[in-house]
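Colleague: I should like to go through this model with you, element by element. May we begin once the structure is in view?

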Amino acid sequence: MRKLLAAALCLAATATAGCGATVESGEGLRSTPAVTLTNCGQKVTYKTVPKRVVTNDVGITELMFALGLENRMAGFAMPDDKGDLTDVPWKDGYKKVKWLSKDQLTKENVLDARADLVFAGWNYGFRDDSGFTPDALKKLGIPSYILTESCRNGRTDTSRGIMPPLDALYTDLTNLGKLFGVEKRATTLIADFKKQIATVQSKAPAKSPKVFLYDSGQDAPFTSGRYAAPDQIISEAGGVNVMHDVNDSWTTVGWETVVQRNPDVIVICNYGDVSAEQKKRFLLSYAPLRNVSAVKHRRIFVLDYVDLVESPRNPSAIARLGTYLRMVAAAQQANSG
């Protein structure tokens, strides 16, 4: 998570009772103890208001922070490369909430934290291979909430995504608002996000540049299908995700498909041990891509991981990518004229 534009982020968070505002103990909590929500297509009843939530990964954690729910959290797990948080409106949340793990949540650290709710997602903490699943937590008496972007869709054992990515973001904010009794805050935040995105849409180029999202991988690229956040980040910014027809969220495709679809722009997802600059050098030097428009014209744009997973930073990412795509479209029009 690198430094972001303070103004754009603060705009998206201003209406939540001020940037970085928190819900104090007892403030805004719903009056009735039990609430039923629809999570990944299933009705789930939460008998009490959670007071010791643990979260997995940065986007999920910042959904809680953006709603001012730090005081309802017992901790979070995420890698230690959070980056510069100077201009993140809810940066104080990181100072107030305990960092449980620099990897992923486990049954052990959840139990140690005395968690009364685990907020994670499939491939964002929940995973079958380790046995850290909602069903396993239920057997321990710990309820869970699954990130909507990560909901499994039944097409295969692992394919994910049941709705457009921004709808997933708004669904989770709405559900969290109901669960914690901060509906007004959630509604205002969603309205601000939609307003910010509408402003970007109003400036979209007449001809949409084709965009490929590159996460990682050299033998075969890991990218975004139609249900991962980048798909709608790209489209709302004024572009077209060349993998929009892939009915999955984050998934692997073949380089031959990328070459065939000839993107005008490549967006790099910046995270992990391989830097964005290293990824860029690979793309520019990989022989099969030499005739791809984005590579020939060196049109490569970088967004951080937290921008590209479901998170309250998605609208800011749309605004920044939108500015870049308008520049690309203008250059293409000038060259064609």
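Colleague: How many Å does helix α6 (residues 165-180) reach from its first C-alpha to its last?

Modeller: Please note that this is a predicted model. Helix α6 has 16 residues, for which 22 Å is expected at 1.5 Å a residue. The modelled span is close to that expectation, at 23 Å.

Colleague: Is α6 mostly covered or mostly uncovered, and how many of its residues are buried?

Modeller: The buried residues of α6 include Pro165 and Leu166, and also Leu179 and Phe180. Polar side chains are on the list as well, among them Asp172 and Asn175. The helix is mostly covered, and of its 16 residues the number buried is twelve.

Colleague: Which residue just after α6 takes a positive phi?

Modeller: The residue in question follows directly on helix α6, and its phi is about 70 degrees. The residue is Gly181.

Colleague: Which residue forms a salt bridge with Arg313, and where do the two partners lie?

Modeller: The N to O distance of the pair is 2.7 Å, which satisfies the 4 Å cut-off for a salt bridge. Arg313 lies in the loop between α12 (305-308) and α13 (314-336), and its partner lies in helix α2 (residues 58-66), so the pair ties together parts that are 251 residues apart in sequence. Arg313 has a relative accessible area of 0% and is therefore buried; its partner is also at 0% and counts as buried. That partner is Glu62.

Colleague: Is Asp245, which meets Arg261 in a salt bridge, buried or partly exposed?

Modeller: The side chains of Arg261 and Asp245 meet at 2.7 Å, N to O. Arg261 belongs to helix α9 (residues 255-261) and Asp245 to the loop between β11 (240-241) and β12 (250-252), so the bridge ties together parts 16 residues apart in sequence. Arg261 has a relative accessible area of 26% and is partly exposed. For Asp245 the value is 46%, which means that this residue is partly exposed.

Colleague: Which residue forms a salt bridge with Arg320?

Modeller: The closest N and O atoms of this pair are 3.1 Å apart. Arg320 lies in helix α13 and its partner in helix α12, so the bridge ties together parts 13 residues apart in sequence. Both residues are buried. The partner is Asp307.

Colleague: How many salt bridges does the count come to?

Modeller: The count includes Arg313 with Glu62, Arg261 with Asp245 and Arg320 with Asp307. The count comes to five.

Colleague: Are helices α7 (residues 183-201) and α13 roughly parallel or roughly antiparallel?

Modeller: The axes come within 9 Å and cross at roughly 5 degrees. Among the residues that meet are Phe193 and Ile197 in α7, and Ile318 and Ala319 in α13. Angles under 35 degrees count as roughly parallel. Helix α7 is therefore, relative to α13, roughly parallel.

Colleague: Is Thr133 buried or exposed?

Modeller: Thr133 is placed in the loop between β7 (125-126) and α5 (134-139). Leaving aside neighbours within four places in sequence, Thr133 is in contact with Trp122, Phe126, Arg127 and Asp128. Its relative accessibility is 11%, and the cut-off is under 20%, so Thr133 counts as buried.

Colleague: What percentage of the residues in the protein is buried?

Modeller: The protein has 13 helices and 14 strands and exposes about 14500 Å², with carbon and sulfur atoms supplying 50% of that area. Of the 337 residues, the buried share is 55%.

Key:
Residues are numbered from 1 along each chain as its sequence is written. This is a predicted model: local features need pLDDT of at least 70, side-chain atom pairs count only at pLDDT 80 or more; totals for chains, interfaces and linings use all residues. Side-chain values use heavy atoms; hydrogens and water are left out. Helices (H or I, at least four residues) and strands (E, at least two) are DSSP runs, numbered from the N terminus. The expected span of a helix is 1.5 Å times one less than its number of residues. Buried means under 20% relative accessible area, exposed over 50%, partly exposed in between (1.4 Å probe, protein chains only). Accessible areas come from the Shrake-Rupley method with a 1.4 Å probe; for residues, only the protein chains shown count as cover. Axes are lines fitted to C-alpha atoms, for helices over the stretch in contact, and angles run from 0 to 180 degrees between N-to-C directions. Angles under 35 degrees count as roughly parallel, over 145 as roughly antiparallel, 65 to 115 as roughly perpendicular and the rest as oblique. Contact means heavy atoms within 4.5 Å.
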